[in-house]
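Dear colleague,

I am handing over the structure below, and would be glad if you could look through it alongside the notes that come after it.

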Amino acid sequence: MMVHYGILAAVAVVLSFLGFLFGMWWKRLSDERRMASVKQLADRILDEARRDAEVQKREAALEAKDRWYQAKSAFESETKGRRKEIETLSKKLTEREFNLERKADILSKKEREFTNRVKALLTKERVVKQKEERLSEVLAEQNRCLERIAGMTESEAKRQLMGNLEEEARKTVARTVKAIKDRAIETANKEAKKIISLAIQRCAAEHVTESTVTVVTLPSDEMKGRIIGREGRNIRAFETATGVDVVVDDTPEAVALSAFDPIRREVARISMERLLEDGRIHPTKIEEIVKKVSLEMEEKIREAGEHAAMEVGVHGLHPELVRLLGRLRYRTSYGQNVLVHSKETAIIAGIMASELGFDAALARRGGLLHDIGKALDHTVDGTHTQIGTEYVQRYGENPVVVNCVAAHHEETDFETPMAVLVQAADAISGARPGARRELLETYVKRLEKLEEIGDSFEGVEKAYAIQAGREIRVIVCHTLIDDVGAEQLASSVAQKIEQQMEYPGQIKITVIRETRAVEYAR
C-alpha cells in the first residue's frame, strides 16, 4: 500500500514538473509573439516618423528659400534707393563745388583789382606830396622876394611870413584832414560792403506772399452743398471748430477760408481737404478731424522750430522758444516769411561776427530769436520787440541775446556789438531785392511822407523820393544854403526821417546845390 502511494507521489511530481516546463514553454512562446508584435508596431511608428520628418524638412527648406528670396528682394530695393540717394548727393556736391570755385575765381579777380587800385592811389599820393613840397618851396621864395621888395623890417617880415605860413598850414591841415576822413570813409564803406556782400552771397533764402485768405479746390460744385449742410449746420460747425470764416461764392469748384491767424487758417485748410477726401461731412466728423489736425499742427510747429535752430547751428533752446520759432513759419511780414527771415538774419549776423572777430554763435542766436515776439503779438499786448524780450528773459537766454532782441528796432540802447550786427542783418534781410512786398497804398504814402519831410526845411526848393523810396534828393536854393549848410541839411533830413518814419534798410539823402550863370548874346 505504501508502495502505491510512493508511485503516485512520484507520478504527481513528474506531472507537476512537466506542467511547469510546459508553462514555461508556453509563456516564452507568448512573450516572443508579443515581442514580434511590439517590434512591428515600433517599426511602423519609426517609418511614419521618418516620413513626417522628411515632409517637415522639405517644408522648412521651402519656407527658408522663400524668406531668403524676400530678404534678397528687400535688400536689393533698399540698395537701389540708397544708390539713388548717393547719386543725388554726389550731383549736389559737384554743383556746390563748381559754384564755390566760380565764387573763388570772382573773389580772386576782385582782390587783384583792389590791389591795382591801391597801387594807383599810392602813386597818386606820392605825386601829390611832391607837388605840395614844390608849392611850399615856391611860397618860401615868394616870401623872400616880398621881403626884399617891401623893404620891411625883420620883425615885420617875420610876422607877415608867419601869417602866410600859418594860413598855408591851416589849409594844408584842412586838406589833409579831409583826405584822411574821405579815405577812412571809403575804406570803411569798402570793408562794410565786402563783409555784407560776403554774408549775402553765403545766405540765399526764399520768401512767401502775405495773405489772409486760403482757397481750397473742390472736386465738383456739388460739394459746396455738402460743406454748407442742412440749414448750414456743417459750415457753422466747421467755423466754430476752426475759428475761420468759410466763404462760399460763385467761384467754380472752390471755397475760400479767411482768417488773420495763419495757423488757424492752415488747420482749416488741411481739415477741409481731409473732409473732402473722406466724403463724410457732418458736425461730429468735422470736430474729430479738426481736433486731430490741430494736434498734428502742434507737432509740425515743434519740428519746424527744431529744424530752424539746427539749420543755423543754435542749440540748447528752451522747448517753448522752439515752439514759438515754429509758429513763425506761418507768419509773414510784408510778404516775407518771418521764420525764413529769422534764419537769414541769424546766418548773416553770424558771418559778419566771424569776419569781425566776435562771437558768431551769440550773433546767430540773437538773429534767430530777434523776431520771436511776432509769434504772439496778435494775442499778447505790446510790440513784438517787448514781447520777444520778455520771453527770452523768462526762459533764461544770455543777456547779450536779450539785448539783441530788445534793441533791433532801437527801442533800447545797444549794449554789445552783437546787437548792432543783428540790427544790420535784420535790415539787410528785409531790404534785399525781392525780399518784401508792400501794398500800393502803403508804398505811395511812404514816398509822400519822405517828400514832405524833405520839403519841410527852409531853403529847399523841391524834394523827390526815388529808387522806390531808398533815396531822397533835395534840391536847395544856392543863395540861401551854402556848401556847409548843404551837409548840415542832409544830416537834419536824415535825423527827421529816423524820428518820424519806420522803414526797412536805409534811405540815402542827397542834397543838390547848383549855381547857374545865364546870359544872352544879342
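The notes below deal with the nonpolar cores, one helix and one loop residue.

This is a predicted model, in which local features need pLDDT of at least 70 and side-chain atom pairs count only at pLDDT 80 or more, while totals for chains, interfaces and linings use all residues. Residues are numbered from 1 along each chain as its sequence is written, and side-chain values use heavy atoms, with hydrogens and water left out.

The largest nonpolar core (buried Ala, Val, Leu, Ile, Met, Phe, Trp, Tyr and Cys residues joined through side-chain atoms within 4.5 Å; buried means under 20% relative accessible area with a 1.4 Å probe, protein chains only) has 39 residues, and L317, L324, L325, L368 and L369 have the most contacts inside it. Among the helices (DSSP runs of H or I, at least four residues, numbered from the N terminus) that each supply at least two residues of this core are helix 6 (283-312) and helix 8 (338-356), and helix 8 gives the largest share, seven residues. Another core, of 27 residues, lies apart from it and includes I227, I289, V290 and V293.

In helix 6, the buried residues include I289, V290 and V293, and its buried residues pack (heavy atoms within 4.5 Å) against helix 4 (233-242), helix 5 (262-278), helix 7, helix 8 and helix 9. Helix 6 is followed by G313, whose phi is positive, near 80°.

In the loop between helix 3 (222-228) and helix 4 sits E231, a residue other than glycine whose phi is nevertheless positive, near 55°. E231 counts as exposed (over 50%) because its relative accessibility is 73%.

Best wishes
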